[in-house]
Amino acid sequence: MAKTTKVLTTPAPGTVVAPVHVYDDEQTAKLQELRDYAATLRLPDSDPYAQWEARWLAKADTVPRYLRAAKWKVDDAKKRIQGTIEWRREFKPELIPPEEVKIEAATGKIILTGFDVDGRPIIYMRPGRENTETSPRQLRHLVYVLERAKDLMPPGQESLMIIVDYKSTTLRTNPSISVARKVLTILQHHYVETLGRAIVVNLPLLLNFFYKGISPFLDPVTRDKMRFNPDLFELIPRAQLDADFGGEYEFQFDHEVYWQTLIDACGIAPDGTRVKEEAASETESAHNAETSSSEQFSPSHSSRSSVTMAATPDVHDKVAYIAEVQAVNAESTTVS
């Protein structure tokens with residue numbers, strides 16, 4: 001395959017999204033209890049951030065992720081979701097202007113492109129390409145990329161894959177343990193059940209101490225998802241896997257093309273908000289989600305989350321595809 005600057009923003013045609021989360025009656029009741037609790041924590045409508053908080057809480061995956069992370073213990077899930085609500089009010093991940101963090105992407109040290117066999121977006125991390133000094137902006141860039149990965153998730157998918165490539169990494173470019181701890185805190189506490197797979201490749205013996213240093217801060221769930229030097233062909237379609245790892249995707253990183261592609265595919269405005277047509281659509285979706293929350297978490301709804309992806313060349317086709325899936329879901333509900 002010829003070299004290309006094209007960023008892959010949709011899964012391979014025929015991809016079946018997995019895993020599928022099906023909830024029984026008891027779990028559905030707990031989901032509603034947590035949703036009702038979260039609603040009591042919401043900011044007043046007069047707060048400038050209120051619409052974004054409401055949007056996040058109304059997403060189909062938000063409440064289920066926190067209950068799954070809490071092993072269905074409602075009191076624990078309440079503490080977890082309250083902690084994230086407070087963090088999001090301070091960090092405001094939906095409102096990070098692209099220009100603020102663009103420089104962090106200049107060398108391709110963190111790249112979002114491609115999908116695994118289950119439709120998870122892939123984030124490639126290459127510490128050897130570090131180009132900036134340690135600062136809060138590095139974490140904001142990471143969060144920006146996580147938010148874009150969630151934007152690109154196909155219907156029904158709730159997790160992503162991270163591949164950490166240590167090729168050319170040195171002690172100077174490798175993140176410090178303190179920075180790694182902050183990254184883990186964000187992933188484990190505020191993007192719960194979002195990490196589907198964590199792959200580490202080309203780890204030199206010199207950096208083994210780094211993983212020993214962060215090991216105490218890895219929760220058992222995260223540790224279980226980590227794999228060192230696995231067979232990537234079992235996890236990622238060859239056409240979606242970067243050629244650096246043996247795939248057929250001859251991706252040639254171009255900073256400007258890459259950055260603008262993500263902005264366009266996700267509908268991001270210069271101030272970090274959504275472009276008008278996307279914002280209007282999401283406001284309506286959030287309203288619909290709130291008014292039909294009891295149906296949203298039904299077992300039948302969860303079982304329909306597994307969908308086969310067709311080829312979707314741009315964001316407008318993707319919106320049409322989602323609308324088609326929703327129409328099929330509505331028809332299925334009527335039949336049942």
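This passage describes the sheet, the nonpolar cores and several local backbone features of a predicted model.

The sheet is open and is built from five strands in the order 1-2-3-4-5, with mixed pairing. Its edges are formed by strand 1 and strand 5 (226-228), each of which pairs on one side only, and the twist from one strand to the next averages 20 degrees. Strands of a sheet pair through backbone hydrogen bonds, in either the parallel or the antiparallel sense. In this model, strand 1 and strand 2 are antiparallel and share four bridges, one of the pairs being Ile-111 and its bridge partner in strand 2, Tyr-124. These two strands form a hairpin with five residues between them, and Gly-119 in the turn has a positive phi of about 85 degrees. Strand 2 is also paired with strand 3, here in the parallel sense and over four bridges, with Ile-122 standing opposite Met-161 in strand 3. Strand 3 and strand 4 likewise run parallel and are joined by six bridges, and Ile-163 stands opposite Ile-199 in strand 4.

Helix 6 packs on this sheet, where it touches strand 1, strand 2 and strand 3, and its direction makes about 15 degrees with that of strand 1. Together with strand 2 and strand 3, helix 6 makes a right-handed β-α-β unit. Strand 2 itself is mostly covered, with five of its five residues buried. This burial applies to both faces of strand 2, since Pro-121, Ile-123 and Met-125 are buried on one side and Ile-122 and Tyr-124 are buried on the other.

The largest nonpolar core has 53 residues, and those with the most contacts inside it are Ile-123 and Ile-163. Elements giving two or more residues to this core are helix 4 (74-91), strand 1 (110-115), strand 2 (121-125), helix 6 (136-152), strand 3 (160-165), helix 7 (177-190), strand 4 (195-201) and helix 10 (255-266). The largest share, eight residues, comes from helix 6. When neighbours within four places in sequence are left aside, the contacts of Ile-163 are Ile-122, Ile-123, Tyr-124, Met-125, Ile-199, Val-201, Ile-236 and Phe-245. A second, separate core has 17 residues, including Val-63, Leu-67, Val-74 and Ala-77.

Helix 4 was examined for its length and its buried residues. At 1.5 Å a residue, its 18 residues should span 26 Å, and the end C-alpha atoms are 25 Å apart, which agrees with that expectation. The buried residues of helix 4 are Val-74, Ala-77, Lys-78, Ile-81, Thr-84, Ile-85, Trp-87, Arg-88 and Phe-91; Lys-78 and Arg-88 are thus listed among the buried residues alongside Trp-87 and Phe-91.

Phe-115, which lies in strand 1, counts as buried because its relative accessibility is 1%, against a limit of under 20%. Apart from its neighbours within four places in sequence, Phe-115 is in contact with Leu-8, Thr-9, Thr-10, Pro-11, Arg-120, Pro-121, Ile-122, Leu-152, Pro-154, Ile-236, Pro-237 and Gln-240. One of these residues, Pro-154, is 39 residues from Phe-115 in sequence, with the two C-alpha atoms 9.9 Å apart in space. Ala-12, in the segment before helix 1 (25-41), is buried as well, with a relative accessible area of 16%. Ala-12 and Pro-237 are 225 residues apart in sequence, yet their C-alpha atoms are 7.6 Å apart in space.

Several backbone features remain to be described. Most residues other than glycine have a negative phi, and most peptide bonds are trans. A cis peptide bond, with omega of about 0 degrees, joins Ala-18 and Pro-19, and Pro-19 lies in the segment before helix 1. Lys-92, just after helix 4, takes a positive phi of about 50 degrees and is placed in the loop between helix 4 and helix 5 (98-101). With a relative accessibility of 32%, Lys-92 counts as partly exposed, because this value falls between the limits of 20% and 50%. Asn-229 also has a positive phi of about 50 degrees although it is not a glycine, and its place is in the loop between strand 5 and helix 10. Asn-229 is exposed, because its relative accessible area of 52% is over the 50% limit.

Terms used
Residues numbered from 1 in each chain as written. Predicted model: local features only at pLDDT ≥ 70, side-chain atom pairs only at ≥ 80, totals over all residues. Heavy atoms only, no water. Core = buried A, V, L, I, M, F, W, Y, C linked by side-chain atoms within 4.5 Å. Buried < 20%, exposed > 50% of the residue type's maximum accessible area, 1.4 Å probe, protein only. Contact = heavy atoms within 4.5 Å. Expected span 1.5 Å × (residues − 1). Pairing = 2+ DSSP bridges. Axes fitted to C-alpha atoms, helices over the stretch in contact; angles between N-to-C directions. Right-handed = clockwise from strand over helix to strand, strands pointing away.
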